[in-house]
Amino acid sequence: MNVPVNLLDKPVKQNLLGMTLQDLEVFFTEAGEKAFRASQVMKWLHQMLASDFDEMTNISKHLRETLKQIATIEVPGIVFDQTSTDGTRKWVMQLDGGNKIETVYIPESGRGTLCISSQVGCALDCSFCSTARQGFSRNLTSAEIVAQVWMASRLLNDDSFGKNEQRITNVVLMGMGEPLLNYDNVLKAVTILMEDNAYGLSKRRVTLSTSGVLPKLDLLGEQSEVALAVSLHAVTDEVRDSLVPINQKYPLKELMASCRQYIQNQKAKSHITFEYVMLNGVNDSKQDAIKLVKLLKGIPAKVNLIPFNPFPDSGYDCSPMPVIKNFKDQLMKSGLVATIRKTRGEDIDAACGQLVGKVEDKSRRERKFDQPRYGMN
Ligand code: SAH
């Protein structure tokens with residue numbers, strides 16, 4: 001094919017890993033190729049996990065050469081790879097300019113969940129989360145989000161010697177970052193994860209977790225069918241303001257209204273998972289449980305109680321297990337489905353809120369959310 005001048009003129013090569021099927025169709029059509037090349041190349045990229053255009057043997061040599069000039073398959077480097085005693089595996093991946101992100105694989109019987117990051121660091125400053133301490137550096141591109149799944153698939157494949165023992169059956173956007181503050185790239189990435197020609201994960205198996213960035217949450221409900229998890233963590237604005245400071249901007253009443261709307265927008269029957277971190281003496285009383293039931297009334301919901309994972313100088317303690325169990329029983333008595341999240345990978349700092357890596361803080365958040373912490377002296 002003759003490469004049209006406009007493509008060769010593009011200053012940077014495009015990383016094909018971050019392109020949806022539709023993007024690839026436009027890309028190939030603009031290059032004077034047939035649109036069906038998009039699905040062919042997509043399969044090579046995400047199903048065969050090709051890292052080199054020369055592996056794409058059903059594509060002419062000529063086109064492969066052209067692709068090398070105008071596109072890349074760029075994946076992050078691995079700077080850390082550690083497996084916990086419970087089988088949880090954590091990778092630290094190196095991006096440009098010293099930026100690092102973390103990705104965690106959690107094997108369970110019959111499923112394997114990959115927890116991926118959407119930003120380098122996080123700007124939300126939730127008071128019980130260690131990622132918040134690092135500040136925020138930048139959004140990940142769609143390619144960098146998808147490349148975590150690509151990389152983990154490759155490394156897990158290599159290690160199980162083709163026995164398919166360690167598969168990724170579920171992906172959760174619960175790593176570093178607030179996915180809805182990187183909306184466009186995250187939407188593209190989840191579209192690729194659910195695309196049949198790529199990872200083919202069903203919409204129940206890709207979960208986006210958010211603290212509740214409302215205008216974007218409403219848009220997501222209109223544009224995607226990704227499963228939703230909401231980091232609720234408190235039942236009053238007073239407590240939530242101090243735990244999840246974005247609540248000061250989008251308070252509980254509005255958050256709940258958006259959750260109801262999200263469910264209404266879904267074509268298939270679905271539910272929302274509400275994450276609730278158990279903090280000793282802060283949000284774990286019987287009254288809190290009773291209020292939680294009221295708050296979730298009318299929303300198809302599951303509550304996931306997360307034992308707080310401690311980190312130095314957090315100022316919080318995890319609720320004792322009997323308190324967590326009582327809280328759960330209180331919810332179940334009222335007909336809510338509630339589970340207690342098993343903490344995984346603690347020995348390698350891979351548990352929720354423990355993903356630590358140094359990033360350059362560009363958020364200036366202390367000016368945005370200058371609030372005292374709840375429950376601290
Ligand atoms: N920003 C997104 C996703 C990342 S955090 C969100 O807020 O949902 C993924 C989950 O881990 C969130 O529910 C978060 O509140 C929780 N989490 C953060 N720090 C934690 C900690 N130290 N212990 C337990 N859970 C924590």
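The following legends describe an overview and several close-up views of a predicted model.

**Figure 1. Overview of the predicted chain, with its 13 helices and 14 strands.** Of the 377 residues in the chain, 54% are buried. Among contacts with a separation of 6 or more, 67% link residues 24 or more positions apart. The chain exposes about 17200 Å², and carbon and sulfur atoms supply 49% of that area.

**Figure 2. Helix H10 and the elements packed against its buried residues.** Helix H10 comprises 14 residues, 252-265. From the first C-alpha to the last, helix H10 reaches 20 Å, close to the 20 Å expected at 1.5 Å a residue. Its buried residues are Leu252, Leu255, Met256, Ser258, Cys259, Tyr262 and Ile263. Viewed down the axis of H10, these buried residues fall within an arc of 160°, and they therefore line one face of the helix. In general, an α-helix has 3.6 residues a turn, so residues three or four places apart point the same way. Lys253 and Gln264 are exposed on the other side of H10. The packing partners of the buried residues include three helices, namely H8 (214-223), H9 (237-243) and H11 (286-295). Strands S11 (227-231) and S12 (272-278) also pack against the buried residues of H10.

**Figure 3. Helix H8 and its buried face.** The buried residues of H8 are Leu214, Leu217, Leu220 and Gly221. They fall within an arc of 115° when seen down the axis of H8, so they line one face of the helix. Helix H7 (183-194), S10, S11 and H10 pack against these buried residues. The contact between H8 and H10 thus also appears from the side of H10, whose buried residues pack against H8.

**Figure 4. Surroundings of Thr210 in strand S10.** Strand S10 spans residues 206-210. Thr210 is buried, with a relative accessible area of 1%. Its side chain makes a polar contact of 2.7 Å with the side chain of Glu178. Beyond residues up to four places away in sequence, Thr210 touches Glu178, Leu180, Leu217, Leu228, Ala229, Val230 and Ser231. One of these partners, Leu217, is among the buried residues of H8.

**Figure 5. Met42 in helix H3 and its contacts with residues distant in sequence.** Helix H3 covers residues 37-46. Met42 counts as buried, at 0% relative accessibility. Although Met42 and Asn197 are 155 residues apart along the chain, their C-alpha atoms are separated by 6.0 Å. Apart from residues up to four places away in sequence, Met42 touches Met19, Thr20, Leu21, Leu24, Gln47, Ile192, Glu195, Asn197 and Ala198.

**Figure 6. Ile116 in the loop between strands S6 and S7.** Strand S6 covers residues 111-115. Ile116 is buried, with a relative accessible area of 1%. The C-alpha atoms of Ile116 and Met174 are 6.2 Å apart in space, and the two residues are 58 apart in sequence. With neighbours within four places in sequence left aside, Ile116 is in contact with Thr103, Ile145, Gln148, Val149, Val171, Val172, Leu173, Met174 and Gly175.

**Figure 7. Cysteines Cys122 and Cys126 in a structure that holds zero disulfides.** Cys122 is in no disulfide, and its nearest cysteine sulfur, that of Cys126, is 6.4 Å away. For Cys126, the closest cysteine sulfur is that of Cys129, at 6.3 Å, which is too far for a bond. Both residues are buried: Cys122 has a relative accessible area of 11%, and Cys126 has 12% relative accessibility.

**Figure 8. Asp125 and Asp313, two residues with a positive phi.** Most residues other than glycine have a negative phi. Asp125 has a positive phi of about 60° although it is not a glycine. Asp125 is in the loop between strand S7 (119-121) and helix H5 (130-134). With a relative accessible area of 19%, Asp125 is buried, because the cut-off for buried residues is under 20%. Asp313 likewise has a positive phi, near 60°, and is found in the loop between strand S13 (301-307) and helix H12 (321-333). At 70% relative accessibility, Asp313 counts as exposed, whereas Asp125 is buried.

Note on methods
Residues numbered from 1 in each chain as written. Predicted model: local features only at pLDDT ≥ 70, side-chain atom pairs only at ≥ 80, totals over all residues. Heavy atoms only, no water. Helix = DSSP H or I, 4+ residues; strand = E, 2+ residues; numbered from the N terminus. Buried < 20%, exposed > 50% of the residue type's maximum accessible area, 1.4 Å probe, protein only. Contact = heavy atoms within 4.5 Å. Areas by Shrake-Rupley, 256 points an atom, 1.4 Å probe, with all protein chains shown as cover. Polar contact = N/O pair within 3.5 Å; in protein donor to acceptor, adjacent residues only side chain to side chain. Expected span 1.5 Å × (residues − 1). Arc of directions from axis to C-beta. Disulfide = S-S within 2.5 Å.
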